[in-house]
Amino acid sequence: MARLIDINITDYKKIADLNLLIKAIWQEFFYLLYGKEITEYLLDFVCEETIKDELKYDNAKYYFIEKDGKNVGFVQLFCIENEIDISRCYLLKDKRGAKIGTCVFEKIKEIAIKSNINKISLHVSEDNINAIEIFEKWNFKKDAKVIRYIGNDYFLNEIKMIYEL
């Protein structure tokens, strides 16, 4: 079973490890989805300082996804009013398809219930058909198409999906 390991702003070792994990996963994952140019642009923003800046906010949380004592992925959550937004959730390539994501989603639902939150949202690339199918299997519903500007004249075409508790 997978576990979520909280990453605290004062734990510099975990932040350094998270930074390396993000870069490793994104290089592999985003090159396939967005191509080299956008991936390299996005990776330029990944650093320990960026992670620390995001963790300064009370509503932002990072977690390692741990399986068998190893960090196999990460998830970033934002709590906004009565909603948890799964901002980022990625697994190492060799860990996908092993029901780890399902376990992580169950843990996110537990966090929402404990926090009296009744909605979980996420944004997914409209080209990421595999992820969309998984989210629909978990009873997420497509809410809206979103075009997100990420800078440098780059846009991402995404779908906002909602899960109601």
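How much of the accessible surface of the chain belongs to carbon and sulfur atoms? In this predicted model, the share comes to 50% of a total of about 9600 Å². The rest of this section goes from the overall build down to a handful of individual residues.

Starting with the fold, there are five helices and seven strands in the chain. Read from the N terminus, the order of elements is β-α-α-α-β-β-β-α-β-α-β-β. The radius of gyration is 15 Å, close to the 15 Å that the globule rule gives for 165 residues, so the chain is as compact as a globular protein of that length. Along the principal axes, the C-alpha atoms fill a box of roughly 40 × 35 × 30 Å. Of the 165 residues, 44% are buried. As for how the chain folds back on itself, take the contacts between residues at least 6 apart in sequence: 58% of these join residues at least 24 apart.

On the charge side, the tally is 25 positive and 28 negative side chains. The centres of these two sets sit 6 Å from each other.

Cysteines are quickly dealt with. A disulfide is a covalent bond between the sulfur atoms of two cysteines, and the count for this model is zero. Cys 79 is a case in point: the nearest cysteine sulfur belongs to Cys 89 and is 15 Å away, whereas the cut-off for a disulfide is 2.5 Å. Cys 79 is partly exposed, with a relative accessibility of 31%. Cys 47 also falls in the partly exposed class, at 29%.

Next come the backbone oddities. Most residues other than glycine have a negative phi. Asp 68 goes the other way, with a positive phi of about 55° despite not being a glycine. Asp 68 belongs to the loop that links strand E2 (60-67) to strand E3 (70-80), and with a relative accessible area of 68% this residue is exposed. Glu 81 is another non-glycine with a positive phi, again about 55°. The loop that holds Glu 81 runs between E3 and strand E4 (83-91). Here too the residue is exposed, at 80% relative accessibility.

The loop between E3 and E4 also houses Asn 82, which is partly exposed at 33% relative accessible area. What does Asn 82 touch once residues up to four places away in sequence are set aside? The partners are Asn 116, Ile 117, Asn 118 and Lys 119. For Ile 117, the C-alpha to C-alpha distance from Asn 82 is 5.0 Å, with the two positions 35 residues apart in sequence terms.

Lys 119 gives the view from the other side of that contact. This lysine is part of strand E5 (residues 119-125) and counts as partly exposed, at 25% relative accessibility. Leaving out residues up to four places away in sequence, Lys 119 touches Asn 82, Glu 83 and Ile 84, and in addition Ile 162, Tyr 163, Glu 164 and Leu 165. Glu 81, one of the positive-phi residues, is not among those contacts; its C-alpha lies 9.8 Å from that of Lys 119, at a sequence separation of 38 residues.

Strand E3 turns up again in the surroundings of Asn 59. Asn 59 is placed in the loop between helix H3 (48-55) and E2, and is partly exposed at 29% relative accessibility. Outside its neighbours within four places in sequence, Asn 59 is in contact with Leu 77, Phe 78, Cys 79 and Ile 80. So the list includes Cys 79, the cysteine that is in no disulfide. Leu 77 is 18 residues from Asn 59 along the chain, and their C-alpha atoms are separated by 8.0 Å.

Finally, is Ile 5 buried or exposed? Ile 5 is buried, because its relative accessible area of 16% is under the 20% limit. Its position is in strand E1 (residues 3-7). With neighbours within four places in sequence left aside, Ile 5 makes contact with Lys 14, Tyr 62, Tyr 63, Phe 64 and Glu 66. Asp 85, in contrast, is not on that list: Ile 5 and Asp 85 are 80 residues apart in sequence, and their C-alpha atoms are 18 Å apart.

Note on methods:
Residues are numbered from 1 along each chain as its sequence is written. This is a predicted model: local features need pLDDT of at least 70, side-chain atom pairs count only at pLDDT 80 or more; totals for chains, interfaces and linings use all residues. Side-chain values use heavy atoms; hydrogens and water are left out. Helices (H or I, at least four residues) and strands (E, at least two) are DSSP runs, numbered from the N terminus. The radius of gyration is taken over C-alpha atoms; the globule rule is 2.2 Å times the number of residues to the power 0.38. Buried means under 20% relative accessible area, exposed over 50%, partly exposed in between (1.4 Å probe, protein chains only). Contact means heavy atoms within 4.5 Å. Accessible areas come from the Shrake-Rupley method with a 1.4 Å probe; for residues, only the protein chains shown count as cover. Lys and Arg count as positive and Asp and Glu as negative; His and the chain ends are not counted. The place of a charge is taken as NZ of Lys, CZ of Arg, CG of Asp or CD of Glu.
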